[in-house]
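This report describes one protein chain, its fold and its core. The sequence and the model are shown below.

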Amino acid sequence: MISIVGLSGFWILALLTLHGADVGETKKNSLNEPDVPFPPACPTAENLAAVCLQGQGRPRYLSSFFPKSGVSHFRRRGNAINRMESWFSLCCRGQEDQILCCTQQAWKQALSQFCTEESSTMTRAYVCCADTGEARWTCFNEELPNPNYDPTPGYTAPPVPEEAGFTFDANAC
């Protein structure tokens, strides 16, 4: 015979386990925040093949990825990555001898726009956004979560509309 106390203890444990489980599509880290690996690495000759050939294997951050409130700084990071990935795909379809320069410009323009968005909020901006010129780009290119642009195993990016606003300057190469 099963006791009522034992059965209720089982249900309490089951409910606590379910409550703590990650059952939504939002991935969270140990601080219960959305997992948006940031900042992205600057494209280089070493990672350019992955930038261009493995783009569909890197995460995109749709609005459904984020909780409804309280994570606007993560949402801005996700938007910057989405924008940058969109612009990378434009660069990778361009002239072969200009792809690296184009992707580097896309990286800088996406992060510049990110910093503009960060500074327009009432919260403290991302630390690298306080820097200017080369110091900003050096800051963004440190402590990278995915410097080689490796794809996420088993992930295929959902279709995301192309982002407008990128201007490639071939004369700056």
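Which residues does Tyrosine 149 touch, not counting residues up to four places away in sequence?

## Contacts of Tyr149

In this predicted model, local features need pLDDT of at least 70, side-chain atom pairs count only at pLDDT 80 or more, and totals for chains, interfaces and linings use all residues. Residues are numbered from 1 along each chain as its sequence is written, and side-chain values use heavy atoms, with hydrogens and water left out.

Tyrosine 149 touches Pro40, Ala41, Asn47, Ala50, Val51, Gln54, Arg58, Met84, Glu85, Phe88 and Trp107, residues up to four places away in sequence not being counted. A contact here means heavy atoms within 4.5 Å.

## Nonpolar core

The largest nonpolar core (buried Ala, Val, Leu, Ile, Met, Phe, Trp, Tyr and Cys residues joined through side-chain atoms within 4.5 Å) has 34 residues, of which Phe38, Trp107, Phe114, Phe140 and Tyr149 touch the most other members. At least two residues of this core come from each of helix 2 (48–53), helix 3 (72–92), helix 4 (99–119) and helix 5 (133–140). Helix 4 gives the largest share, eight residues.

Buried residues (under 20% relative accessible area, 1.4 Å probe, protein chains only) make up 33% of the 173 residues in the chain.

## Fold and confidence

The protein chain has five helices and zero strands, taken as DSSP runs (H or I, at least four residues; E, at least two) numbered from the N terminus. Among contacts between residues at least 6 apart in sequence, 75% join residues at least 24 apart.

The mean pLDDT (the predictor's confidence in each residue, from 0 to 100) is 83, and 82% of residues reach 70 or more. Over residues 5–30 the pLDDT is below 50, and this stretch has 19 contacts in the model beyond near neighbours in sequence.

Conventions
Buried means under 20% relative accessible area, exposed over 50%, partly exposed in between (1.4 Å probe, protein chains only).
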